[in-house]
Amino acid sequence: MLYKLLFNKRMIRVPLVLAGLVGLAGCQALQTADRGLYQAVEMVSENDRVTGRRSLSLADRNAQIRQGNQYIEQLLAEERQAGRKLNGELDRAQYQRLVRLFDRIQRISHLRQERWQPLLIDRDSFNAFTTGGTYIVVHLGLMEQLPDDDEVAAVVGHEIAHTVANHVGESQGHRIASQLSGSKAARSGAYQAAFTHENEREADRIGILYSALAGFDPYAASRIWQRQYLLEGNARALMLHDHPVNAERAEEARQVAAAVASYYRPGQQNPHYEALLENNALWQAQQPGPEAGAGGGVLALLSTVTDTWLQHEQAKAEAARQQQRSAFVKAVEARMTLLESRTLAGNRLQTRWQYRASAPPLNQLVIGLLVQQGEQLSRHVAHIDGVVRPNGQFVAEFNLPETLPVQDLPSLPVRFYVDDVVPAQ
Ligand SMILES: [Zn+2]
């Protein structure tokens, strides 16, 4: 029943009035009702470990651990069945490195009282994930591609943060809430992508704070996204929705790092980390509210309703912003004409373009190139320096990998696209 009320703004006034009544009257019946209400809200929501805010979540921490770990144990069984090695058996040095970095981060995290375990699996891709339990899974490829310990710590911190912020539980509760709310916007793909985007942002923020408190360079996360942006732009053409884009993420991560940089003691745990987890430049802990029976139940309901509604509104606004951005990129793309392309020494492809438009001038332009080689789809980007003026021409130069000889291009299916662009000021 509670879900039905979640997105109805008028309902928020009712608990406010009730909260006042319980507080003033101290009436026995109301206290009992408030306790019952508190228990009911407890069942479907959880206090955010970071901000103390309450949000919709269907499983308590023990259930989350059971559920999350069950998935991982199944994965481990499959790995063994397929004859793939794990952890130290797979790569002793990389596993020891992972455990060492992992322990330093987990020890200063909001879930430091739990016993966690990192797992190293035999995949060469750049990936790591959590399922909300007490494991994080890291691909060997990620460890090999990140020789910098601070950058591995940034990834580990981000993954632990997903569980700390209860993103697995929240997205389950959220999916049900959006189904039952009958909100059309909430069922759209763009909205779901925006919700994920918000979670990624939150995990980045918490993870960067963890890095600083554990003695790792807080700017490492920003470096990863910046490098990713140079390599693949925003990877627009391969995404179903326009997703947390690398350029924005690098910039946001840099701002967060600047905010927490004063907590960073290179190579050392910050001695005040416990206090800083509660109150820091990114968030302030909330004062504990009244207890169950003294208005706590009503407040818990109120807080769940408003926070869930707020998250919903935020995700809606973010979806609208991303759609607008995506429409702008597409409009620019429609005004681009390829004038010529030629091969250069060093396996480079040079293309010359015309931007046919009356306005606006463009900045941060990235041209993408998709190439189909058999089953393989590869993506390459060229970053254009400076501002591109209306009706101006510009050159985009692609550095191709050895696996794609530039002279093969004419015989392969290729597609150019605009990967990233912002209007110049
Ligand atoms: Zn993430």
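**Exercise 1. The aromatic cluster.** Does Phe-398 count as buried or exposed, and at what relative accessibility? Then trace the ring pairs in which Phe-416 takes part.

*Solution.* The structure is a predicted model, in which local features need pLDDT of at least 70 and side-chain atom pairs count only at pLDDT 80 or more, whereas totals for chains, interfaces and linings use all residues. Residues are numbered from 1 along each chain as its sequence is written, and side-chain values use heavy atoms, with hydrogens and water left out.

Step 1. Phe-398 has 0% relative accessibility and therefore counts as buried, where buried means under 20% relative accessible area, exposed over 50% and partly exposed in between, with a 1.4 Å probe and protein chains only.

Step 2. A search of the whole structure gives four aromatic pairs; rings of Phe, Tyr and Trp (its six-membered ring) pair if their centres lie within 6.5 Å, and planes under 30 degrees apart count as stacked, over 60 as edge-to-face and the rest as tilted. One of them joins Trp-353 to Phe-416, edge-to-face, at 5.3 Å centre to centre and with 80° between the planes. Because Trp-353 belongs to strand S7 (residues 348-355) and Phe-416 to strand S11 (residues 414-423), this pair ties together parts that are 63 residues apart in sequence; strands (E, at least two residues) and helices (H or I, at least four) are DSSP runs, numbered from the N terminus.

Step 3. Trp-353 counts as buried at 6% relative accessibility, while Phe-416, at 22%, counts as partly exposed. The rings of Phe-398 and Phe-416 have centres 5.9 Å apart and planes at 45°, so this pair is tilted. Since Phe-398 lies in strand S10 (residues 393-399) and Phe-416 in strand S11, the pair ties together parts 18 residues apart in sequence.

Step 4. Ring pairs thus link Trp-353, Phe-394, Phe-398 and Phe-416 into a cluster.

**Exercise 2. The zinc site.** Identify the donors of the zinc ion and explain why their arrangement is irregular.

*Solution.* Step 1. His-158 (NE2), His-162 (NE2) and Glu-200, which is listed with OE twice, coordinate the zinc ion at 2.1 to 2.6 Å. Donors are N, O and S atoms within 2.8 Å of the metal (3.2 Å for Na, K and Ca), and water is not among the atoms, so sites may look incomplete.

Step 2. The four donor atoms subtend angles of 53 to 133° around the zinc ion, which makes the arrangement irregular, given that four donors count as tetrahedral if all angles lie between 85 and 135 degrees.

Step 3. Along the chain, the donors follow the spacing H-x3-H-x37-E. His-162 is in helix H8 (residues 149-164) and Glu-200 in helix H11 (residues 189-214), so the pair ties together parts that are 38 residues apart in sequence. Both His-162 and Glu-200 are buried.

**Exercise 3. The surroundings of Thr-130.** Which residues is Thr-130 in contact with, leaving aside its neighbours within four places in sequence?

*Solution.* Step 1. Thr-130 is placed in strand S4 (residues 128-130), and its relative accessible area of 14% makes the residue buried.

Step 2. With those neighbours set aside, Thr-130 is in contact (heavy atoms within 4.5 Å) with Tyr-135, Ile-136, Glu-159, His-162 and Thr-163; among them, His-162 is also a zinc donor.

Key:
Tetrahedral: all angles 85-135°; square planar, octahedral: opposite > 155°, others 65-115°.
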